[in-house]
Amino acid sequence: MIDRDIKRSLGQMMKGVQVVGATHDGVSRAYCSHWVCQVSFEEPIVMASVSPKHDTHPLIRDSGVFAVSILAGDQVAEGQYFSYPGRKYRYLAPEYLTDVAGLPVVVDCVAWLRCEVIEVKSALADGSELDHDLFFARVTDVGEGRLGEPPLLYSSRLGW
C-alpha cells in the first residue's frame, strides 16, 4: 500500500485525459486514462499504463495496436463514461465512439493516435511487480480533431 503522504502529493499532479481503445477478433473496448504520455522526442513513442484487470488489456496485448483519443475540456461526459475500471461493456456508446481504421476513437476529440506496441513491461529491474503493464508504442498515424480546444485535465485530488 502506498504511503498516505506520497499518495496525497502525487494526487496533486495534473494530467491530460485520454480514452484508450483497442479491437481484436471483432471485439472493441475502451477505457479512460490519465496515464498515457509521450516518452521520446526523437521518435513518436508513447507509453500507456494498463491494468491487466481491465477488459481492454487483452485486446491491446493480442492485437499489438491501440488508439489514444485526446479529450477536449468539454468532454467530461465521455471521460466519465469510460472511467469505470474493469467495466464489462456490452454497449460501446456510439454517441461517443467511431471506428477509424478498425480502432475505436472518441468523436470530436482534440486528436487521436494510432499506436503499435513495441515493448511491454510488467516488472521493474529489481524484480518488483507492477500492478499495471506499461505498453510502449510507436505512433504510426494521427487524426487532427479540435486541436485549438484546451485538453481535459484530471487530478485525483482535484478531479476533472
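**Exercise 1. Ser-28 and its strand**

Task: Decide whether Ser-28 is buried or exposed, and describe the strand around this residue in the predicted model.

Solution: Ser-28 has a relative accessibility of 17% and therefore counts as buried, since buried means under 20% relative accessible area. The next step is to place the residue, and Ser-28 belongs to strand S3, a strand that is mostly covered, with 5 of its 7 residues buried. The side chain of Ser-28 is joined to that of Thr-23 by a polar contact of 2.6 Å.

**Exercise 2. The hairpin of S2 and S3**

Task: Work out how strand S2 is joined to S3, and what is found in the turn between them.

Solution: Begin with the pairing, in which S2 (residues 18-24) and S3 run antiparallel and are joined by 7 bridges. Within this pairing, Val-19 stands opposite Cys-32 of S3. The two strands form a hairpin with 2 residues between them, and Asp-25 is placed in that loop between S2 and S3. Asp-25 has a positive phi of about 50° although this residue is not a glycine. As background to that step, most residues other than glycine have a negative phi. Asp-25 is also exposed, because its relative accessible area is 71%, and the cut-off for exposed is over 50%.

**Exercise 3. A second positive phi**

Task: Where is Ala-101 placed, and is this residue buried or exposed?

Solution: Ala-101 is found in the loop between strand S7 (97-100) and S8. Its relative accessible area is 68%, so Ala-101 is exposed. The backbone of Ala-101 has a positive phi of about 55°, although the residue is not a glycine.

**Exercise 4. The nonpolar cores**

Task: Which residues of the largest nonpolar core touch the most other members, and which elements give two or more residues to this core?

Solution: The largest nonpolar core holds 19 residues, and those that touch the most other members are Val-17, Val-19, Leu-71, Phe-82 and Val-106. Turning to the elements, strand S3 (27-33), strand S6 (65-70) and strand S8 (103-106) are those that give two or more residues to this core, and the largest share, 3 residues, comes from S8. Another core, of 16 residues, lies apart from this one, and its members include Val-36, Val-46, Ala-48 and Leu-59. In general terms, nonpolar side chains tend to be buried together in soluble globular proteins.

**Exercise 5. A nonpolar patch at the surface**

Task: Which residues make the nonpolar surface patch of about 360 Å², and what can be said of Ile-6 within its helix?

Solution: The patch is made by Ile-2, Ile-6, Leu-10 and Met-13. Of these, Ile-6 lies in helix H1, which covers residues 4-10. Because its relative accessibility is 45%, Ile-6 counts as partly exposed.

**Exercise 6. Three salt bridges**

Task: The structure holds 6 salt bridges; for the pairs of Arg-4 with Asp-5, Asp-55 with Arg-29 and Arg-61 with Asp-62, give the N to O distance and the setting.

Solution: For Arg-4 and Asp-5, the closest N and O atoms are 3.9 Å apart, which falls inside the cut-off of 4 Å. Arg-4 is exposed, because its relative accessible area is 57%, whereas Asp-5, at 47%, counts as partly exposed.

For Asp-55 and Arg-29, the closest N and O atoms are 3.6 Å apart. This pair links distant parts of the chain, as Asp-55 lies in the loop between strand S5 (45-50) and helix H2 (57-63), Arg-29 lies in strand S3, and the two are 26 residues apart. Asp-55 has a relative accessible area of 11% and is therefore buried.

For Arg-61 and Asp-62, the side chains meet at 2.9 Å, N to O. Arg-61 is partly exposed, because its relative accessible area is 48%, and Asp-62 counts as partly exposed at 42%.

**Exercise 7. Sequence and space**

Task: How many residues separate Ser-63 and Glu-95 in sequence, and how far apart are they in space?

Solution: Ser-63 and Glu-95 are 32 residues apart in sequence, while their C-alpha atoms are 25 Å apart in space. Ser-63 lies in helix H2, and with a relative accessible area of 25% Ser-63 is partly exposed.

Terms used. Residues are numbered from 1 along each chain as its sequence is written. This is a predicted model: local features need pLDDT of at least 70, side-chain atom pairs count only at pLDDT 80 or more; totals for chains, interfaces and linings use all residues. Side-chain values use heavy atoms; hydrogens and water are left out. Patches are made of residues with over 30% relative accessible area and no salt bridge: like charges are joined within 9 Å, nonpolar side chains (Val, Leu, Ile, Met, Phe, Trp, Tyr) within 5 Å. Accessible areas come from the Shrake-Rupley method with a 1.4 Å probe; for residues, only the protein chains shown count as cover. Helices (H or I, at least four residues) and strands (E, at least two) are DSSP runs, numbered from the N terminus. Buried means under 20% relative accessible area, exposed over 50%, partly exposed in between (1.4 Å probe, protein chains only). A nonpolar core is a set of buried Ala, Val, Leu, Ile, Met, Phe, Trp, Tyr and Cys residues joined through side-chain atoms within 4.5 Å. Two strands pair if DSSP finds at least two bridges between them. A polar contact is a pair of N or O atoms within 3.5 Å; within protein, one must be able to donate a hydrogen and the other to accept it, and residues adjacent in sequence count only if both atoms are side-chain atoms.
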